[in-house]
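Reader: I am new to reading protein structures. Could you walk me through one, feature by feature?
Author: Gladly! Let us have it in front of us.

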Amino acid sequence: MGKKRRPQTTKAGPRVTSAEIPVVGAREPCPCGSGRRYKACHGRQAAHAVTELVQRPFEGLPGECDWVALRELVPAATVELKLAEGLPEDVPSVTLATVLPMAWPALRRDNGAVLLGLQNDTPSGDISRDLADTLRRALTAEPGTPVAAERVSGEGPRLQDLLDPKGGFSPTLHEGFEFWLEDAASATGEVAASLERANAAAIPTARLTSVEAAYWCRTPEKNHLRWVMSHPEEKLLDALARLHAAGASSLGEDTRLVGSFRAHGLTVPVWDLPGTMGAEETEKPAEAFAERLAEALASDAPLTAEQRRARGGLTNRQVTLS
C-alpha cells in the first residue's frame, strides 16, 4: 500500500496540531486549513481513534483475567487500585467497583475517595482508555459528586499507563452492594429500598481460591463455573477437545463442560454443576482439571478424528460477548 497523503496546509493558515483541531460539523471545512471537509481530513482520524475496537483492552494489566470476569460475570465486587505515581494528597484511596449507583462511571466520595465503575457502556472502542479518562477526572472531581462519561480522544492515557504494574489485583466479592455507601447500615427510605432491590438481583458468586480467575455462581436451576483463561484460543480449544474426547473435561459426577464464550480477547469455558455443588466443593475438582489441562496444552500431537469432532462441538457452542 502507498503512503497516506498528508493534508496540505495553506500558506495563509496557521499551523495547527492534531491535538488542537476542534470538533466541527462533518461537512464543514477542516480547521487545519487543508481545504478539505472535516470528515475527510482530521475528522477521519478522530472517528477512527474513537471507534477502533481494542480486542484485549486489559492486556498487560495485573489480573487481566479477573478484569474480564469483573466486567462480564461478577455482580458485586471491589478491588483496591494502586496508581503508578501514587495517590494525590486529597485522595485516600481508589477502588474499582463492578457497578455503581445509577450506573455512574465514577464517584468521588465526601471523604475524597474515588470509586471507578467497570460495568458501564463506554464511548469508544478502547475500554481501557475510557476508564483511564474517567479515573483522571474523578481524581480532581469535587468530593461528594458523581463523574459523567465523556468522549475521549485516541491519544489519551490508558489504564496501563496510570496503574502500578506491580500493584497486583485482588478482587473482593460481596453478597450485595453495601459498598456503595459509606454507612449502609444507616440507610433509610428510598436509598434503603434501592439497595434492597439491587441486592435481590445479584446472583450469588464466589471466586475459587485453588485456581486463577474461576468464578462459581448459583442460579435457580443449576450452578455454573465460568473460568476466564489467558491461553491462546486455538491452543486452548485443542486442549479442551483432547480432554473432552478422553472423557476428562468434566469436574466430577453430574457436571459437564457445556461450551465457552469469548470476552475481551480471552476464552471463558463454562461448566454446568448440580445445585448441590457449592464453591467449596468445586475447589478440588477445578484444581485437578487445571493439572489435566496443563498436560493437554503441552501436547503438540495432531488431533485425532474424535478430538476434531469434540473441538467442532465446542466451537459451535461458542459465543462472543465483546
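Reader: How many aromatic pairs does a search of the whole structure find?
Author: One thing to know at the start is that this is a predicted model. A search through the whole of it turns up 7 aromatic pairs.

Reader: Which kind of pair do tryptophan 227 and tryptophan 271 form, and why?
Author: Look at the distance between ring centres and then at the angle between planes; an angle from 30 to 60 degrees makes a pair tilted. Here the centres are 5.9 Å apart and the planes stand at 45°, so tryptophan 227 and tryptophan 271 are a tilted pair.

Reader: Where in the chain do these two residues sit?
Author: Tryptophan 227 belongs to strand E9 (residues 223-227) and tryptophan 271 to strand E11 (residues 266-273). With their positions 44 residues apart, the pair links distant parts of the chain.

Reader: Which ring in helix H7 pairs with tryptophan 227?
Author: That is phenylalanine 289. The ring centres of tryptophan 227 and phenylalanine 289 are 5.9 Å apart with planes at 55°, so this pair is tilted. It again links distant parts of the chain, as strand E9 holds tryptophan 227 and helix H7 (residues 279-298) holds phenylalanine 289, 62 residues apart.

Reader: Are tryptophan 227 and phenylalanine 289 buried or exposed, and why?
Author: The cut-off to keep in mind is that buried means under 20% relative accessible area. Tryptophan 227 is buried because its relative accessibility is 5%. Phenylalanine 289 is buried too, because its value is 0%. Tryptophan 271 is also buried.

Reader: Which residues do ring pairs link into a cluster?
Author: Phe58, Trp67 and Phe169 are joined in this way. Trp67 is also one of the buried residues of helix H2.

Reader: How many residues of helix H2 are buried?
Author: Helix H2 (residues 64-72) is mostly covered, with 8 of its 9 residues buried. Among them are Glu64, Asp66 and Arg71, along with Val68 and Leu70.

Reader: Let us turn to empty space. What is the volume of the second largest pocket?
Author: The general idea is that rolling a probe the size of a water molecule over the atoms shows where empty space is left. The second largest pocket has a volume of about 400 Å³.

Reader: Which residues line it closest to its centre?
Author: Of its 16 lining residues, Pro101, Trp104, Trp180, Leu181 and Val191 are the closest to the centre. Helix H5 (189-201) gives the largest share of the lining, 4 residues. By type, the lining of this pocket divides into 8 nonpolar, 2 polar and 6 charged residues.

Notes: Residues numbered from 1 in each chain as written. Predicted model: local features only at pLDDT ≥ 70, side-chain atom pairs only at ≥ 80, totals over all residues. Heavy atoms only, no water. Phe/Tyr/Trp six-rings, centres within 6.5 Å; stacked < 30°, edge-to-face > 60°. Buried < 20%, exposed > 50% of the residue type's maximum accessible area, 1.4 Å probe, protein only. 1 Å grid on protein atoms, 1.4 Å probe; cavity = no way out; pocket = protein on both sides within 12 Å on 5 of 7 lines; lining within 4 Å. Points joined across faces, edges and corners; volume = space filled by probe spheres on them. Nonpolar A, V, L, I, M, F, W, Y, C, P; charged D, E, K, R; others polar.
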